[in-house]
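Me: I would like a close look at a single part of this protein, the open sheet and what packs on it. Please take me through it as one connected account, and say how far the model can be trusted along the way.

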Amino acid sequence: MSQLRSEIRNANVLVGAYARVWALIVGLILYFANGSTAVIGAEAIAPSTEKLQLLTDFFQNEVASGKLPGAVVLIQQHGHPVYLKTFGVRDISTKLPMTPDTMFALHSMTKPITSLAAMMLVDAGKLSLDDPVSKYLPPFADIKVGTERVDAQGKASLEFVQVERPPTIRDLLLQTSGIAADYVGDWVKKLYSEAHLLDGHFDNAEFAERIARLPLTRQPGTFWRYGHSTNVLGRVIEIASGETLYHFMKQRIFDPLDMTHTKFVLDTPEERALKAEPLPSDTNLVNEERMRQAHPEWESGGGGLVSTIVDYARFAQMLLDGGQLDGKRFLSSAAFEDMTTDHIGPGSGVGHDYFYFPGDGFGFGYGLAVRTGPGETSQPGSIGELKWDSGAGTYVGIDRKLDMIYILMEQADNERGPIRVALRKLVYDAFTSNDVERIDHH
């Protein structure tokens, strides 16, 4: 009987997942059947079908030229898909085609989900943004800050100084904790690499203990430095909630949002067959994916989730709708506003360097970049737009002025920079009309 119940439950999950896929496709067909110039209620510009064709042409060429094995692109406006296309194959070794239910390693696009989970605990009174990390992870009480000194003869030495204030939960959310990763040069790269953080088997508890033995790379709250902050946050969520990170996410986010294909570990051969793979020549990503799969016990809040474009669209639509979807509220209005406000701009006292991944014209909220101005690189977009992407090339944009989300799912590192620039331009060009005032395009 228990086996029968399990089979029925699995069947219901599959039915629900495919229903969402077909709902996207049917919605797309109906949208274009009714004319792509229709605007539902809002004043936002509708996309041009002719200009959307340029988006299609771009990705078809990326696949045909061998730069990309495949991709899935979705643009959704007013809660309905206005563009959904699949390109190429999910794996060049199997030549299985890309489909809307293809599963992708999200890498850093996991971070917005983990950040939402933390903010839900803040809403529930189980976390405070001003709590020191050491309240939940005691080894952080003794952490020092590493500082490189150069003497008159030019010889460098590493000194360890006391923190001016302890890193907080807010710092973990803002990437201002001083916790780095081994991409940062000089002594940081050497020290982090020598620590062998990812050796052997470990879970969130063990990872947090390992990284607490390393010095911070900056004084907390003074510098935006991308690193393992969100991985540490994942362990804090476990302590504050009393649950594993995945169980908390599943109960509080994935199940209510009907995100049935978002998880840390693919459990069945059928799921693994749906997984997209990078090109063999994309060696960094191949190695990172091998490492991710080798640690199924590590629920990395910074980069461990696997998902589909259908699932992630549910998450993004909830953010577009102010922290609620389908009558279910995930964040209070105040918490959502705080999460999606830039906290590191002028006057914040937070500096950054070349490794500032939100990019020119963007500030940073809790797990998401926030558009604050035109910037010097003239990227198209709207003030207040939210976005994030990953080392695997996955990308999400959330534009509240256009009432629109756009998502790219791919597994590509070598080409992700040019693709990201082209994606933004082609998406926003499609929403530009000579007959309507431009929407903060820069």
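Reply: What follows goes from confidence to the sheet, then to its neighbours and a few single residues.

This is a predicted model, and the mean pLDDT of the chain is 88, with 87% of its residues at 70 or more. Two stretches call for caution: residues 1-17, where pLDDT stays under 50 and the model has three contacts beyond four places in sequence, and residues 434-442, where pLDDT is also below 50 although the stretch has 23 contacts beyond near neighbours in sequence. Where pLDDT is low, the predicted coordinates should not be read in detail.

The sheet itself is open and has eight strands, in the order S3-S2-S1-S14-S13-S12-S11-S10, with antiparallel pairing. Its edges are strand S3 (96-97) and strand S10 (362-364), each of which pairs on one side only. Strands of a sheet pair through backbone hydrogen bonds, either parallel or antiparallel.

A good place to enter the sheet is S1, which pairs with strand S2 (residues 80-91) in the antiparallel sense over eight bridges and with S14, again antiparallel, over six bridges. Within the first of these pairings Val 72 stands opposite Thr 86 of S2, and within the second Leu 74 stands opposite Ile 407 of S14. S1 and S2 form a hairpin with two residues between them, and His 78, in the turn, has a positive phi of about 55°.

How is S1 placed with respect to the rest of the structure? Eight of the eight residues of S1 are buried, so this strand is largely enclosed by the rest of the structure. In a regular strand the side chains alternate between the two faces of the sheet. For S1, one side carries Gly 70, Val 72, Leu 74 and Gln 76, the other carries Ala 71, Val 73, Ile 75 and Gln 77, and both faces are covered, with all of these residues buried.

Moving on along the strand order, S14 also pairs with strand S13 (residues 395-399), in the antiparallel sense and over five bridges. There Val 396 stands opposite Ile 407, the residue of S14 that stands opposite Leu 74 in the pairing with S1. The loop between S13 and S14 holds Asp 403, whose phi is near 50°, a positive value in a residue other than glycine.

The helix to consider with this sheet is H13, which packs on it and touches strand S1 (70-77), S10, strand S11 (369-371), strand S12 (386-389), S13 and S14, while its direction makes about 150° with that of S14. H13 covers residues 416-430, and its 15 residues reach 21 Å from the first C-alpha to the last, close to the 21 Å expected at 1.5 Å a residue. Its buried residues are Ile 419, Ala 422, Leu 423, Arg 424, Leu 426, Val 427, Tyr 428 and Ala 430, a list that includes Arg 424 and Tyr 428 as well as several aliphatic residues.

Between strand S14 (404-409) and H13 runs a loop in which Asp 413 is found. Asp 413 is buried, with a relative accessible area of 17%, because that value is under the 20% cut-off. Its side chain makes a polar contact of 2.7 Å with the side chain of Arg 416, a residue at the start of H13. Leaving aside neighbours within four places in sequence, Asp 413 is in contact with Asp 282, Asn 284, Leu 285 and Gly 391.

Two buried residues elsewhere in the chain can be set beside Asp 413. Arg 210 lies in helix H6 (residues 204-212) and is buried, with a relative accessible area of 15%. The side chain of Arg 210 makes a polar contact of 2.9 Å with the side chain of Glu 206, and, not counting residues up to four places away in sequence, Arg 210 touches His 196, Leu 197, Leu 198, Asp 199, His 201 and Phe 202. His 107, in the loop between strand S4 (104-105) and helix H3 (111-123), is buried as well, at 11% relative accessible area, and its phi is near 50°, a positive value in a residue other than glycine.

Terms used. Residues numbered from 1 in each chain as written. Predicted model: local features only at pLDDT ≥ 70, side-chain atom pairs only at ≥ 80, totals over all residues. Heavy atoms only, no water. Helix = DSSP H or I, 4+ residues; strand = E, 2+ residues; numbered from the N terminus. Expected span 1.5 Å × (residues − 1). Buried < 20%, exposed > 50% of the residue type's maximum accessible area, 1.4 Å probe, protein only. pLDDT = per-residue confidence, 0-100. Contact = heavy atoms within 4.5 Å. Polar contact = N/O pair within 3.5 Å; in protein donor to acceptor, adjacent residues only side chain to side chain. Pairing = 2+ DSSP bridges. Axes fitted to C-alpha atoms, helices over the stretch in contact; angles between N-to-C directions.
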